[in-house]
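User: I'd like a close look at one part of this molecule, the bit where charges sit over rings, and then how that fits with the rest. Can you walk me through it in plain words?

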Amino acid sequence: MVTLENVDLYFDLLEQIKNLNFKDSKNLLPLCEKSWPLIPDLIADTIKEYGSFDIAEIPAIERPLTYLACRNDVEKLNFLSDLVNRYSELEPWREMVSRALNMIEVKNEIFSYIKQNPNVKQKDLKKVFPQIDYDLISELLYAADHLELIERTKSGNTYTLKLS
């Protein structure tokens with residue numbers, strides 16, 4: 001049974017999520033987690049009210065994915081995978097969640113390399129990992145820096161990297 005209380009709570013949490021700086025992962029993740037169980041009611045209420053579910057973004061799913069991958073949080077990513085696969089309305093988010101699950105392996109490879117090569121330059125990772133999209137590498141390192149998993153120090157037009 002859909003409760004409007006859950007839908008209202010979802011939108012309250014959504015506003016809080018949208019108002020957070022991307023770097024504020026400590027507050028972002030708990031708000032997103034509180035939102036996830038409310039999404040089925042959001043879907044049902046939206047379909048009831050508008051006849052279809054055509055919401056273009058769900059920040060509670062989208063925003064924490066890279067952070068969860070950086071933290072190797074397979075449990076939460078699997079929860080999101082189950083959620084987006086359970087509801088056909090969430091099909092647009094399936095690839096994003098799948099990509100985040102795959103990011104864990106990439107992140108572990110990169111961190112292993114950084115551990116063996118402290119103070120490596122970020123731009124040099126393009127040559128070391130040519131099979132990995134450099135935008136993905138940058139995204140992971142940016143999030144890892146904000147989670148304080150690595151130290152990323154500006155060095156000319158790149159960054160020097162080492163594990164924290």
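Analyst: Sure, let's start with K126: its charged end sits over the ring of Y134, 4.8 Å from the ring's centre. Keep in mind that this is a predicted model. You'll find another case at K154, which lies over the face of Y159, with 4.9 Å to the ring centre.

Now for rings that meet other rings. Searching the whole structure turns up three aromatic pairs. One of them is Y113 with F129: the ring centres are 5.8 Å apart and the planes stand at 80°, so this pair counts as edge-to-face, given that the cut-off is over 60 degrees. The two partners come from distant parts of the chain, 16 residues apart: Y113 belongs to helix α7 (residues 94-116), while F129 is in the loop between α8 (125-128) and α9 (134-146). How buried or exposed are they? Y113 has a relative accessible area of 23%, so it is partly exposed. F129 has 8% relative accessibility, so it is buried, the limit being under 20%.

Next, the inside. In soluble globular proteins, nonpolar side chains tend to be buried together. Here the largest nonpolar core has 50 residues, and the ones with the most contacts inside it are I39, I58, I61, L90 and I110. Elements giving two or more residues to this core are α1, α2, α3, α4, α5 (65-70), α6, α7 and α9. Helix α7 gives the most, with eight residues.

Let's zoom in on I39. Setting aside neighbours within four places in sequence, I39 is in contact with Y10, I58, I61, L83 and L90. I39 is also one of the buried residues of α3, along with P40, D41, L42, I43, D45 and T46. Those buried residues pack against α1 (4-19), α2 (25-35), α4 (59-62) and α6 (74-86).

You can check the length of α3 yourself. With 12 residues (39-50) and 1.5 Å a residue, the helix should span 16 Å, and its end C-alpha atoms are 16 Å apart, so the two agree. After α3 comes G51, which has a positive phi, near 90°.

One last stop, back on α6: D82 has its place in that helix. D82 is partly exposed, with a relative accessible area of 46%. Its C-alpha atom is 9.4 Å from that of R94, and the two residues are 12 apart along the chain.

Definitions and conventions: Residues numbered from 1 in each chain as written. Predicted model: local features only at pLDDT ≥ 70, side-chain atom pairs only at ≥ 80, totals over all residues. Heavy atoms only, no water. Helix = DSSP H or I, 4+ residues; strand = E, 2+ residues; numbered from the N terminus. Expected span 1.5 Å × (residues − 1). Buried < 20%, exposed > 50% of the residue type's maximum accessible area, 1.4 Å probe, protein only. Contact = heavy atoms within 4.5 Å. Phe/Tyr/Trp six-rings, centres within 6.5 Å; stacked < 30°, edge-to-face > 60°. Lys NZ or Arg CZ within 6 Å of the ring centre and 35° of its normal. Core = buried A, V, L, I, M, F, W, Y, C linked by side-chain atoms within 4.5 Å.
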